[in-house]
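Dear colleague,

I am handing over the structure below, and the rest of this message goes through what was found in it. Please read it with the model open beside you.

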Amino acid sequence: MKRAVLVIITSLGICLSMYSQGLTNGQKGIITSEISEFFEEHMKAGENLDRNGLSGRVNDTLKAGFIDNGILLNSFDEVMRGFNEGIQGVKSLKYNISNKKITVLADNAALLTASGNTSLALEDGRTFTSGFAWTFVYSKVNDSWKVIHTHMSTPR
């Protein structure tokens, strides 16, 4: 299953990267800036535990699926059910991005990879820190960037 998903994502990246060759560096720079800003807003929504802010940035019409620590979730609704369960008792959440790379695939597609750590404080006073590695696939839908697929993992 993991290999099949990796092959699909790699194939998508290779196919779409051929189209980006027609973009100028200026166009790629604008798209990179747009994706970077979108990603920052997405992270703020996550830190604020803002369900609407998170779901409003996703377009699940292609049903590309979402991967969370090796588990394929077939819909964004499944992702949000896990999010809603996971934030029970959470007082605060902070993302610390240590690495981020944006690859423009086409004028309407981009890939962002990021890693770092998450600091989580619970209402009972406990705190946790863990690492993460993420991949986001973006598509421009009706002139707005949307997440169409994610792959999230917690490195060991």
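Two strands are taken here as paired if DSSP finds at least two bridges between them. Please also keep in mind throughout that this is a predicted model.

By that criterion S4 and S5 are paired, since 13 bridges join these two strands, which run antiparallel. Within this pairing, Gly116 stands opposite Phe132 of S5. The two strands make a hairpin that leaves 4 residues between them, and in its turn Gly125 has a positive phi of about 100°. S5 is also joined to S6, again in an antiparallel arrangement, by 9 bridges, and here Ala133 has Ser153 of S6 as its bridge partner. The hairpin of S5 and S6 has 2 residues between the strands, and Asn142 takes a positive phi near 50° in it.

For the setting of these strands, the chain as a whole contains 4 helices and 6 strands, and from the N terminus on its elements follow the order α-α-α-β-β-α-β-β-β-β. The chain has 156 residues, of which 37% count as buried. Among the contacts in the chain with a separation of 6 or more, 55% are accounted for by residues 24 or more positions apart.

One residue of the paired strands that can be followed in detail is Thr118, whose place is in strand S4. Is Thr118 buried or exposed? Its relative accessibility is 13%, and Thr118 therefore counts as buried, the cut-off for that class being under 20% relative accessible area. If its neighbours within four places in sequence are left aside, Thr118 is in contact with Leu93, Lys94 and Tyr95, and also with Phe128, Thr129, Ser130 and Phe132. The last of these, Phe132, is the residue that stands opposite Gly116.

The next point concerns helix H4, in which Phe76, Val79, Met80 and Phe83 are buried. These four residues cover an arc of only 95° around the axis, and they are therefore placed on the same side of H4. The general background is that an α-helix has 3.6 residues a turn, so residues three or four places apart point the same way. On the other side of H4, Asp77 and Glu85 are exposed. As for what the buried residues of H4 pack against, the partners are helix H3 (51-55), strand S1 (66-68) and strand S2 (71-73).

The link between H3 and H4 can be seen at the level of a single residue in Arg51, which lies in helix H3. With a relative accessible area of 37%, Arg51 is partly exposed. Apart from its neighbours within four places in sequence, Arg51 is in contact with Met80, Phe83, Asn84 and Ile87, and two of these, Met80 and Phe83, are among the buried residues of H4. The C-alpha atoms of Arg51 and Asn84 are separated by 8.1 Å, although the two residues are 33 residues apart along the chain.

Two loop residues deserve a look at their backbone angles. Leu49, placed in the loop between H2 and H3, has a positive phi of about 55° although it is not a glycine, and with a relative accessible area of 18% Leu49 is buried. Asn69, in the loop between S1 and S2, likewise has a positive phi, near 50°, in a residue other than glycine; at 43% relative accessibility, however, Asn69 counts as partly exposed.

Finally, there is the matter of open space in the model. The largest pocket has a volume of about 860 Å³. It is lined by 33 residues, of which Asp68, Phe83, Tyr95, Trp134 and Met152 are the closest to its centre. Which elements each supply at least two residues of this lining? They are helices H2 (25-47) and H4 (76-86), together with strands S3 (90-106), S4 (109-122), S5 (127-141) and S6 (144-153). The most is given by H4, with 7 residues. Sorted by class, the lining of the largest pocket consists of 20 nonpolar, 11 polar and 2 charged residues. Phe83 thus appears in several parts of this account: it is buried in H4, it is in contact with Arg51, and it is one of the residues closest to the centre of the largest pocket.

With best wishes

Terms used:
Residues are numbered from 1 along each chain as its sequence is written. This is a predicted model: local features need pLDDT of at least 70, side-chain atom pairs count only at pLDDT 80 or more; totals for chains, interfaces and linings use all residues. Side-chain values use heavy atoms; hydrogens and water are left out. On a 1 Å grid over the protein atoms alone, a cavity is a set of points where a 1.4 Å probe fits but cannot get out, and a pocket is an open set with protein on both sides within 12 Å along at least five of seven lines; lining residues have an atom within 4 Å of a point. Grid points are joined across faces, edges and corners, and a volume is the space filled by probe spheres set on the points. Ala, Val, Leu, Ile, Met, Phe, Trp, Tyr, Cys and Pro count as nonpolar, Asp, Glu, Lys and Arg as charged, and the others, Gly among them, as polar. Buried means under 20% relative accessible area, exposed over 50%, partly exposed in between (1.4 Å probe, protein chains only). The arc is that of the directions from the helix axis to the C-beta atoms. Contact means heavy atoms within 4.5 Å.
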